[in-house]
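Thanks for coming. I will go through one structure, beginning with a single residue and working outwards. Please look at the sequence and the model first.

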Amino acid sequence: MTRGNPTVRAAGIVVLVVTALLGSAYLLGRSLVPDQPQRQATGVNTNAEGPYYADQPTGDGPSGPPTASASASASATEAGQDGTGRDSTGGQLFGAHTSTGTPRLALTFDDGPDPRYTPQVLAMLREFDVKATFCVVGENAQAHPDLIQAIVDGGHSLCNHSWHHDVTLGNRPADVIRADLLRTNEAIRAAVPDAPIVWYRQPGGAWTYPVVSVAQQLGMTPLHWSVDPSDWEVPGATKIAATVVSQAEPGSVVLLHDAGGNRQGTVDALRRILPDLTARFELEALPTDPT
């Protein structure tokens, strides 16, 4: 029997020990390194179609932004109103008008003008010989002065709806509110220098005493609404029309939108709304000399 070389045997033992120690060190190091978190999607969505007012609540009261689908509406952000002098969120209206004050009914269109939907709305109103009121956003008026001109040429009246549809505008200092409303009026008058602007509608119906006071100092009457089909939630033309025709009554101010998101449902709803309302009421553009 031949014995192995002691030196070789010793070297082999050393190799085994070193290998075991290295393996243990590796496992210990892995245990000390924390797991890396998974990257999360940002949730940021873009809408190449135009301004999307994501400040509109998804329910009757103010809440977070609506669903992020590009076809969904914005975001008014327009809160509902129960016609009792307070909006559905419990906020005071501070004297904002919720009625025409006559048996006549008024259709109002917010957030425009928009080159996709405003011309369709104007064509539908012209077909049924109806005059309405357009509450326009300053930056959109600046971008589309031709549509502001078309609104006035159609015999409709204008309403200031702030520069950038700022729902929180009423919580800002009076000088900031004033600058915002004046900037919007200037954009409107750049398109139609002689058109009166005697109405102001606060985005979201988020009325405060300062915003009402500033609007009145600038010669504008605060305008709320009494019928809200929540068309900014894009419920479909059938639901929009059903809400308007069932809730309309003498003196109603109806809130609709011609911009701020996908408004094709609103345009399509007018095909049912206008024949029904014109058969039952006299419709008018809100007067340019409110008292």
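Start with Phe109, which counts as buried because its relative accessibility is 0%. One caution before we go on: this is a predicted model.

Where does Phe109 sit, and what does its ring pair with? Phe109 is in strand E1, and its partner Phe134 is in strand E2. The two are 25 residues apart, so the pair links distant parts of the chain. In general, a pair of aromatic rings is described by the distance of the centres and the angle of the planes. For Phe109 and Phe134, the centres are 5.3 Å apart and the planes are at 25°, so this pair is stacked. Phe134 also counts as buried, at 0% relative accessibility.

How many aromatic pairs does a search of the whole structure find? The search finds two. The other one joins Tyr200 and Trp207, with ring centres 6.0 Å apart. Their planes are at 85°, so that pair is edge-to-face. Tyr200 and Trp207 are both buried.

There is one more ring to mention. The charged end of Arg183 sits over the ring of Trp163, at 3.8 Å from the ring's centre.

Now the strands. Six of them form an open sheet, with parallel pairing, in the order E5-E4-E3-E2-E1-E6. Strand E5, residues 221-222, and strand E6, residues 253-257, are at the edges. Each has a single partner strand, so one side of each has no neighbour in the sheet.

Further in, strand E2, residues 133-136, pairs with strand E3, residues 157-160, through four bridges in the parallel sense. Helix H2, residues 118-127, lies across strand E1, residues 106-110, and E2, and runs at about 165° to E2.

The pairing of E2 and E3 brings us to two cysteines: Cys135 stands opposite Cys159 in E3. Are they buried or exposed? Cys135 counts as buried because its relative accessibility is 0%, and Cys159 counts as buried at 0% as well.

Why is there no bond between their sulfurs? A disulfide is a covalent bond between the sulfur atoms of two cysteines. The cut-off used here is 2.5 Å between sulfurs. The sulfur of Cys135 has its closest cysteine sulfur in Cys159, at 3.1 Å, so the distance is too far for a bond. Seen from the other side, Cys159 is in no disulfide either. For the structure as a whole, the number of disulfides is zero.

That is the end of my part.

Methods
Residues numbered from 1 in each chain as written. Predicted model: local features only at pLDDT ≥ 70, side-chain atom pairs only at ≥ 80, totals over all residues. Heavy atoms only, no water. Pairing = 2+ DSSP bridges. Contact = heavy atoms within 4.5 Å. Axes fitted to C-alpha atoms, helices over the stretch in contact; angles between N-to-C directions. Buried < 20%, exposed > 50% of the residue type's maximum accessible area, 1.4 Å probe, protein only. Phe/Tyr/Trp six-rings, centres within 6.5 Å; stacked < 30°, edge-to-face > 60°. Lys NZ or Arg CZ within 6 Å of the ring centre and 35° of its normal.
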